[in-house]
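Colleague: I should like to go through the salt bridges of this model with you. Shall we take the pairs in turn?

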Amino acid sequence: MAMPPLHYFLFLLPLLLPYPTFTTASSPFPDPEVIVQEVNEKINNATISARRKLGFLSCGTGNPIDDCWRCDPNWDKNRQRLADCAIGFGKHAIGGRDGKIYVVTDSGDHPVNPKPGTLRYGAIQDEPLWIIFGRDMVIKLKEELMLNSFKTLDGRGASVHIAGGPCITIQYVTNIIIHGLNIHDCKQGGNAYVRDSPDHYGWRTLSDGDGVSIFGGSHVWVDHCSLSNCRDGLIDAIHASTAITISNNYMTHHNKVMLLGHSDTLIADKNMQVTIAFNHFGEGLIQRMPRCRHGYFHVVNNDYTHWEMYAIGGSADPTINSQGNRFLAPNDRFNKEVTKHEDAAESEWKKWNWRSEGDLMLNGAFFTRSGAGASSSYAKASSLSARPSSLVSSLTGNAGSLTCRKAKRC
């Protein structure tokens, strides 16, 4: 097989280096400032080692997540290997990697007494589970799906739609992977009892109607999903959620796409770190791709082909690091600005650290930078090496749920 070019390995090298961590009360998180320093020190003398490690990736596209697993025709026999392919701030999300395979065979749902074989029955179990789907199915949940920790929802090999009812909630749990699902037309749930573990169910108030709601969750990776037309957000992360990667998703036909941070006054969100990489923000989107508060956000190598109001916005002094994206502005001359500094006077938002590096601006798009650009701030909003914006088409060309068949490359 032909060896990939040198710059390919340099791009992936930071993903191979061990991540130093600092310890919180519950789980380790990577220290981005140490990561940046170590990468800069090692990148010049580790290329040969990287070539040896990555020689098998010559079928690759340059998208480091896809090149990690899609080249393997036996992906179906090695499903849990996907957990080792995450990048960014959510790269330590292992989901159900260390557990058994659970197969969803029944598209039915009961919020309190789920039957074995249903999605909810697997999702609430205490032990790690890698949840797959035995056939194509549309699952209309009767109430929110409350995921328990260490779970993977893996839609590869089937066409799986979670639609027409309440959708997925990740609340005060950790290590979640959601991959390969079609999540759309999500509705409000609540004012009902819902089970969240084998031993507990409780009363749920009205939900927002998000596609994926992350509330106090950590180590979460949402990858290769197609999301559209939900009541509130497609993916929202609030209430001190952190260590999140949102990658390779295709989002369409929605107003408020992605909210990261609950409110301007909830300072618990100040440590939030989210990577948004290789996504396609497509037809029929209006705003919030994402809308950020307080924390640190790395928006890298995404394709923005449609917005009506703005693409990236925020309030309450978030740090936004935009690198290598492609922004195609709408034809409306009043809405060509990528950014929106919200709920603050210019004298205040000018201090917020928002930068654009290597972004491609098309059809009059422009990014309003702000802040002094403190290196320590951007280190905390840096999670992988950006590829040139000229490569965005190939990096995002397969965004959304994939059509995977057994014994073939996906």
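**Salt bridges in the predicted model**

Modeller: Arg79 and Asp76 form a salt bridge, with their closest N and O atoms 3.0 Å apart. The model is a predicted one.

Colleague: Is Arg79 buried or exposed?

Modeller: Buried means under 20% relative accessible area. Arg79 has a relative accessibility of 6%, so Arg79 counts as buried.

Colleague: How does its partner Asp76 count by relative accessibility?

Modeller: The buried class ends at 20% and the exposed class begins over 50%. Asp76 has 22% relative accessibility and therefore counts as partly exposed.

Colleague: Which residue forms a salt bridge with Arg97, and where do the two lie?

Modeller: The closest N and O atoms of the Arg97 pair are 3.3 Å apart. The pair links distant parts of the chain, 13 residues apart, with both residues in the loop between helix H4 (64-69) and strand E3 (100-104). Arg97 is partly exposed, at a relative accessible area of 29%. The partner in this salt bridge is Asp84.

Colleague: What are the relative accessibilities of Arg156 and Asp154?

Modeller: The side chains of these two residues, Arg156 and Asp154, meet in a salt bridge at 2.9 Å, N to O. Arg156 counts as buried at 3%, and Asp154 counts as buried at 0%.

Colleague: Which residues do salt bridges with shared partners join into one network?

Modeller: Arg156 and Asp154 form one salt bridge, and Arg79 and Asp76 form another. Salt bridges that share partners bring together one network of Asp76, Arg79, Asp154 and Arg156.

Colleague: How many salt bridges are counted?

Modeller: The rule requires a side-chain nitrogen of Lys or Arg within 4 Å of a carboxyl oxygen of Asp or Glu. By this rule, the count of salt bridges is 16.

Terms used:
Residues numbered from 1 in each chain as written. Predicted model: local features only at pLDDT ≥ 70, side-chain atom pairs only at ≥ 80, totals over all residues. Heavy atoms only, no water. Buried < 20%, exposed > 50% of the residue type's maximum accessible area, 1.4 Å probe, protein only. Helix = DSSP H or I, 4+ residues; strand = E, 2+ residues; numbered from the N terminus.
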